[in-house]
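Q: Hello! I am new to this structure and would like to learn how to read it. Could you show it to me and begin with a helix?

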Amino acid sequence: MALENSVLPCHPDSLSLPVEEKGEGEEVEVATEATASTGVFNLSEELGHVVTTETAPSPPTSARVNRSFQDKLAEREAKAIQHRKKTPGVEKERGRFGWARTRRKRQRYVEKNGRCNVQHGNMRETYRYLTDIFTTLVDLNWRCSLFVFVMAYAVTWLFFGAIWYLIAYCRGDLDHLEDQNWTPCVNNVNGFISAFLFSIETETTIGYGHRVITDQCPVGTMLLLLQAILGSMVNAFMVGCMFVKISQPNKRAETLVFSKHAVISLRDDKLCLMFRVGDLRSSHIVGANMRAKLIKSKQTQEGEFIPLDQTDISVGFETGDDRLFLVSPLVISHEINARSPFWDMSQAQLEKEDFEIVVILEGMVEATGMTCQARSSYLAEEVMWGHRFSPMMCLAEGFFDIDYGAFHHTFEVDTPSCSARELSLAAARLDAHLYWSISSRLDEEPTLANQAAKQPDSSSANSKGGEPTFILGEMTDIQEQTGLGELNGSVATDQSESEA
C-alpha cells in the first residue's frame, strides 16, 4: 500500500484507453470482442496487484461474446438491407414454364388497337401541309376540325360585313338615314351590326327582304357577286371536309377484331403460326385481304444496323389463301418452312427473342364502298407455343351459331419444342431409314430367287434315289423359269435330252 501511494500518487484507481485489437490467439479475440461494445478496456486487469482498483464486477465472458455475435449479425443484416435499397436488383419475371428470365418490355411499333406508335419530329418543310390543305383538315382531330369549320364561316361573314359597312360609310349613307330622297347602296343598313347581318343573309342566301341592295351602287353589285361565289366555295370546301371526315372508315375497323395471342402448333404435321380474325358486323368486308410483317432489328454482314427491319410473312399469297371471305371468324395460318423467318426458332429461342408481328386486314366496306384497314400486333411473349384456338362455331336450327365468347380462348396440344428445321430433318431421316430398309428388302429378293432355282436340282437328285420330294414356297420364280424354257424351244429340249 505504501508502494502504491508513493509510486502512483497522482494516478486514478483505474485507467481507460481505446481498444487496440491485436489478434493474438482466441483469448485475445474474446477480450477485444467483449470490450468492443464499450470501446474501452480496464488497464487494472493487466497490472494485477500492482494497482488496486474498485470497479463493478463485469459480466461473464461467454455472455459478452454471445451478445457481440448477435450484434454483429444484426449489423450485417442492416447493412445488407441498406445495400439492397441503394442498388435494387433486376426483377426476374417467370417464363411460360416457370423459367426465370430477365426481359425488358418492348416498345410496340403498332399498338393492339392499330395505332402506329411513331411520332415525326424536326420537320422543317411544314409548307407541304398547306399544299394539301384538304387532307390536312381531314386529318385533324374533331376539336380542331370544328374550330376551323366555325372560324371559316365567321371570318368570311365578318370580312364582307366590314366591307359593306365601309361602302355605306364612304358613300355617306350613314349620314342620310332620315333623308327620304337619298338612295343608299343597301337599304336599312344603319351600322356595323346591320351590315354584318346583311353579309350573313347574302352568303347563306336567306333573303329576309328587309335589307336589300339598290341599283344605284355598282360597287355593291360587284361585291354581291364576289361574296356569292366565295361563299359557295367555302360551303363546298368545308362541307366536303366534314363529309369525308364523318364517312371515314376508321371506325369501321373497330368492329374488326384480332385474337389477343398468336399460337404455334402442328397443322398437317407442319409447324404453323396462327392467329384469329373476325368481323362483328353483319355487313361484310368485300375483297378482304390479309398481310403480315415481322418487325425486328438486324445487322447485315457488312456491319450495318437496320432498326425495325420489315420482313414479309406469307399467309397464303402463293395459294390465294390471303383473300378472305370474312363471314365468320377465320384462323389465319403461316406455314413455317425454309422461307419463313421462324425456320430456326425453337420453343426455347422464342422465350429469348425480341420481335413484333404486325397483321394488316384490308378490304372495302360494303355499305359505303370505301377502303378500310384494320391493324394489330403480337409481341414475342404474346406468341404461345403448343396452343390451338378453341372452336367457336356450332350448328343450330337452320343457321350457324358463332360464340364470340371463345374468340380469344386457346388450349394446349402436343407440339414438339424443336424448330421447324430440326423437325424437317428428323422427318427426312425417318424417310431415309424407310427407303433404305425397303431397298434392302428388294435386294434380298434375287437371293431368294437363286435359292429357289437351286431347289429343283436337289429335288431331281433326290428323285433318282427313289425318294419323293415336295417343294414349298417360291413357286412363282420356278414357273417363270419353266415358262422361259418353253419359250426357248429347242434349247429347252436339248437340255432335257442331255439330262436324260
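A: Gladly! Please remember that this is a predicted model. In helix α7, the buried residues are Ser145, Ala152, Tyr153, Thr156, Phe160, Gly161, Trp164, Ile167 and Ala168.

Q: Why do residues three or four places apart point the same way in an α-helix?

A: An α-helix has 3.6 residues a turn, so residues at that spacing point the same way. Keep that idea in mind as you look along α7, where Thr156, Phe160 and Trp164 are among the buried residues.

Q: Which elements do the buried residues of α7 pack against?

A: Their partners are α6 (133-139), α8 (192-203) and α9.

Q: How many residues does α7 have, and what follows the helix?

A: Helix α7 covers residues 142-171, which is 30 residues. From first C-alpha to last it reaches 44 Å, close to the 44 Å expected at 1.5 Å a residue. Next comes glycine 172, with a positive phi near 85 degrees.

Q: Is phenylalanine 237 buried, partly exposed or exposed?

A: The cut-offs help here: buried is under 20% relative accessible area, exposed is over 50%, and partly exposed lies in between. Phenylalanine 237 has 31%, so this residue counts as partly exposed. You will find Phe237 in helix α9 (residues 218-246). Together with Leu130, Ile133 and Phe134, Phe237 makes a nonpolar surface patch of about 340 Å².

Q: And aspartate 309, is that residue buried or exposed?

A: Its relative accessible area is 17%, so aspartate 309 is buried. Look for this residue in strand β9 (residues 305-312). Leaving aside residues up to four places away in sequence, aspartate 309 touches Leu294, Ile295, Lys296, Ser297 and Lys298.

Key: Residues are numbered from 1 along each chain as its sequence is written. This is a predicted model: local features need pLDDT of at least 70, side-chain atom pairs count only at pLDDT 80 or more; totals for chains, interfaces and linings use all residues. Side-chain values use heavy atoms; hydrogens and water are left out. Helices (H or I, at least four residues) and strands (E, at least two) are DSSP runs, numbered from the N terminus. Buried means under 20% relative accessible area, exposed over 50%, partly exposed in between (1.4 Å probe, protein chains only). Contact means heavy atoms within 4.5 Å. Patches are made of residues with over 30% relative accessible area and no salt bridge: like charges are joined within 9 Å, nonpolar side chains (Val, Leu, Ile, Met, Phe, Trp, Tyr) within 5 Å. Accessible areas come from the Shrake-Rupley method with a 1.4 Å probe; for residues, only the protein chains shown count as cover. A salt bridge is a side-chain nitrogen of Lys or Arg within 4 Å of a carboxyl oxygen of Asp or Glu. The expected span of a helix is 1.5 Å times one less than its number of residues.
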